[in-house]
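Visitor: I'd like a close look at one small part of this protein, and then a walk outwards from there. Could you take me through it step by step?

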Amino acid sequence: MKLRNIVNARTSLCEFREKTDFGAHLAYWIVKFLTKTQSEYDFYTFEVKKIFDKYARQKEDDALFIPADKISEFNAEVNELEETDVEDPGIRFSLSELASELKLSMKQMSSLLEFIDEDK
């Protein structure tokens with residue numbers, strides 16, 4: 001499984017952290033997914049910061065930016081990182097449970113596709 005898939009799924013699921021009106025079963029699996037994938041997410045954020053630090057420059061007002069002539073190199077390194085193979089967390093969500101308890105955007109649904117079991 002690609003690191004990108006875990007990071008994107010976590011981003012979508014984290015949007016529901018403060019939601020309190022869905023069932024304990026789904027809440028359990030979301031928390032389990034977030035917990036089980038924490039180390040991959042920490043690795044990703046640490047490595048992205050290293051890449052950013054490598055290319056970032058400082059403006060006079062102390063704001064950091066990636067110079068235009070370095071953006072493609074920066075993006076290539078981040079993309080390479082996102083393509084890193086990581087262990088599948090083995091957690092799947094029921095499509096019917098997600099559909100009945102959460103309102104998902106198409107972007108959120110797309111990020112979760114690999115973690116949805118239609119028959120569960």
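Guide: Sure, let's start with T37, which sits in the loop between α2 and α3. Keep in mind that this is a predicted model. Is T37 buried or exposed? Its relative accessibility is 0%, so T37 counts as buried, the cut-off being under 20%. And what does T37 touch, leaving aside residues up to four places away in sequence? The answer is I6, R10 and P89.

Two of those names turn up again in helix α1. The buried residues of α1 include I6 and R10, along with L3, N5, V7, A9, S12 and L13. Together, the buried residues of α1 pack against α2, α3, α4, β3 and α6, the last of these being residues 106-112. As for its length, α1 has twelve residues and reaches 16 Å from its first C-alpha to its last, close to the 16 Å expected at 1.5 Å a residue.

Now go to the helix on the other end of our loop, α3. This helix runs over residues 38-55, which makes 18 residues. From first C-alpha to last, α3 reaches 26 Å, close to the 26 Å expected at 1.5 Å a residue. Its buried residues are E40, Y44, E47, I51 and Y55. These cover an arc of only 75° around the axis, which puts them on the same side of α3. There's a handy rule behind that kind of spacing: an α-helix has 3.6 residues a turn, so residues three or four places apart point the same way. Turn to the other side of α3 and you find F46 and K49, which are exposed. What do the buried residues of α3 pack against? They pack against three helices, α1 (3-14), α2 (24-36) and α4 (71-82), as well as the strands β1 (57-58) and β2 (64-65).

On the other side of the loop is α2, and H25 lies in that helix. H25 counts as partly exposed, because its relative accessibility is 46%. The side chain of H25 joins that of E97 in a polar contact of 2.9 Å. By contrast, look for L64: it is 39 residues from H25 along the chain, and their C-alpha atoms are separated by 43 Å.

E97 also leads us to S94, in strand β3 (residues 93-94). The side chain of S94 reaches the backbone nitrogen of E97 at 3.2 Å. That side chain also makes a polar contact with the side chain of S96, at 2.9 Å. With a relative accessible area of 7%, S94 is buried.

Finally, zoom out to the whole chain. There are six helices and four strands, and along the sequence they follow the pattern α-α-α-β-β-α-β-α-α-β. The radius of gyration is 17 Å, well over the 14 Å that the globule rule gives for 120 residues, so the chain is more spread out than a compact globule. Its C-alpha atoms fill a box of roughly 50 × 30 × 25 Å along the principal axes. Of the 120 residues, 34% count as buried, and T37, where we began, is one that counts as buried. Among contacts between residues at least 6 apart in sequence, 69% join residues at least 24 apart.

Methods:
Residues are numbered from 1 along each chain as its sequence is written. This is a predicted model: local features need pLDDT of at least 70, side-chain atom pairs count only at pLDDT 80 or more; totals for chains, interfaces and linings use all residues. Side-chain values use heavy atoms; hydrogens and water are left out. Helices (H or I, at least four residues) and strands (E, at least two) are DSSP runs, numbered from the N terminus. The expected span of a helix is 1.5 Å times one less than its number of residues. Buried means under 20% relative accessible area, exposed over 50%, partly exposed in between (1.4 Å probe, protein chains only). The arc is that of the directions from the helix axis to the C-beta atoms. Contact means heavy atoms within 4.5 Å. A polar contact is a pair of N or O atoms within 3.5 Å; within protein, one must be able to donate a hydrogen and the other to accept it, and residues adjacent in sequence count only if both atoms are side-chain atoms. The radius of gyration is taken over C-alpha atoms; the globule rule is 2.2 Å times the number of residues to the power 0.38.
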